[in-house]
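Work through the following exercises with the sequence and the model side by side, and try each task before reading its solution.

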Amino acid sequence: APVAYYSLDTDGWIKRVNKAGLKFLGYSREELQRTKFLEIYADESKAKAEKLFGRFRQGIGWENEEMVYQRKNGEKVHGLLSVSPILDENGRVLESRSIVVDVTERKKAEEALRESDERYRALFDRSLNCVFVHDFAGNFLDANETALKLLGYDREDIPLLNFASLLSPDQLPKAFATLQEFKETGTQKQAEEFRLRRKDGSFVDVEVIAAAIYHEGKPHAIQGMGRDITKHKQAEEA
């Protein structure tokens, strides 16, 4: 079988193991058949393994329980454990049929993605420029603290924000034309200037440059970066 298989008796000794199980744990067959089940688990999974072993002794099976194993060389690997108790004709538990699907590479990929997301989130939140995300209908999906502070909104206000609430009617055609440009080309040719209405009714001038966010090869949202140019515009007018 391509997945790890082993069986335990009701005292917790490993009775049988297949080649995939030997490769997964890094032991020889002779070594594992002199080993109790708890020794193959990493410290963080030992308590759960003991609890599950108690269920097995009661004749209760389960599927796809995520466990952390420790190989002979000390390396930790992740597996999804499914167990079926084997019973005699009187319903007495004889041994377990245990199957482990190796998910170590998937866990590494998930961890790398989580770390990447955390780094992105840190850059997003700490940027001195306004950073925001909105869909192609002009509804805002996210915004960093700089953007919220500039516009006077709180984080819980984000789902209420859209182009109509932030832009004057005369600017809406330009905004939606820019969105259409994104849908067709995925890019913005040049930065655009918009006058945004703050929560208190005052206005700020912002220069915006944006890029499409792709999902499965198609643009599905816009991430923009805005720079407050209000004082610059006031100086120009003066």
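Two strands are taken to pair if DSSP finds at least two bridges between them. Keep in mind throughout that the model is a predicted one.

**Exercise 1. Assemble the sheet that contains β6 and β10.**

Task: work out how strand β6 and strand β10 pair, and in what order the five strands of their open sheet stand.

Solution. Begin with strand β6 (residues 130–134) and strand β10 (residues 218–228), which are joined by five bridges and run antiparallel; within this pairing, C130 has G226 of β10 as its bridge partner. Next, turn to strand β9 (residues 203–215), which pairs with β10 over 10 bridges, again in the antiparallel sense. Two of the facing positions can be checked in the model: A211 stands opposite Q223 in β10, and I209 stands opposite M225 in β10. The connection between β9 and β10 is a hairpin with two residues between the strands, and E216 in that turn has a positive phi of about 55°.

The full order can now be written as β7-β6-β10-β9-β8, an open sheet of five strands with antiparallel pairing. At its edges stand β7 (140–143) and β8 (192–197), and each has a single partner strand, so one side of each is left without a neighbour in the sheet. From one strand to the next, the twist averages 35°.

Finally, add the helices. Helix α4 (residues 104–126) packs on this sheet and touches β6, β7 and β10, its direction making about 85° with that of β7. Helix α8 (residues 230–237) also packs on the sheet, where it touches β8, β9 and β10 and makes an angle of about 135° with the direction of β9.

**Exercise 2. Place strand β1 in its own sheet.**

Task: decide whether the residues of strand β1 are mostly buried or exposed, and find which strands pair with β1.

Solution. The cut-off needed for the opening step is that a residue counts as buried under 20% relative accessible area. Four of the five residues of strand β1 (residues 4–8) are buried, so the strand is largely enclosed by the rest of the structure. The pairing of β1 with strand β5 (residues 93–102) is antiparallel and made by three bridges, and in it Y6 has S98 of β5 as its bridge partner. Strand β2 (residues 14–17) likewise pairs with β1 over three bridges in the antiparallel sense, with S7 standing opposite R16 in β2. Between β1 and β2 there is a hairpin with five residues between the strands, and G12 in the turn has a positive phi of about 95°.

To extend the sheet, note that strand β4 (residues 76–87) is joined to β5 by nine bridges in an antiparallel arrangement, in which S84 has R97 of β5 as its bridge partner. The order of the five strands in this open sheet is then β2-β1-β5-β4-β3, with antiparallel pairing. Its edge strands are β2 and β3 (62–70), each of which pairs on one side only. Neighbouring strands are turned against each other by 30° on average, direction ignored.

Two helices remain to be placed here. Helix α3 (residues 43–57) packs on the sheet, touching β1, β3, β4 and β5, and its direction makes about 140° with that of β3. Helix α4 lies across β3, β4 and β5, running at about 135° to β4.

**Exercise 3. Trace the salt bridges of E66.**

Task: identify which residues E66 is linked with in a network of salt bridges, and explain which parts of the chain are tied together by E66 and R106.

Solution. Side chains of opposite charge can pair when their charged atoms come close. E66 forms a salt bridge with R106, in which the closest N and O atoms are 3.9 Å apart. Since E66 lies in strand β3 and R106 in helix α4, the pair ties together parts that are 40 residues apart in sequence. E66 also meets K107 in a salt bridge, at 2.8 Å from N to O, and K107, 41 residues away from E66, is likewise in helix α4.

For accessibility, E66 counts as partly exposed at 28%, as do R106 at 42% and K107 at 22%. The network as a whole links E66, R106, K107 and E110.

How values were computed
Residues are numbered from 1 along each chain as its sequence is written. This is a predicted model: local features need pLDDT of at least 70, side-chain atom pairs count only at pLDDT 80 or more; totals for chains, interfaces and linings use all residues. Side-chain values use heavy atoms; hydrogens and water are left out. Buried means under 20% relative accessible area, exposed over 50%, partly exposed in between (1.4 Å probe, protein chains only). Axes are lines fitted to C-alpha atoms, for helices over the stretch in contact, and angles run from 0 to 180 degrees between N-to-C directions. Contact means heavy atoms within 4.5 Å. A salt bridge is a side-chain nitrogen of Lys or Arg within 4 Å of a carboxyl oxygen of Asp or Glu.
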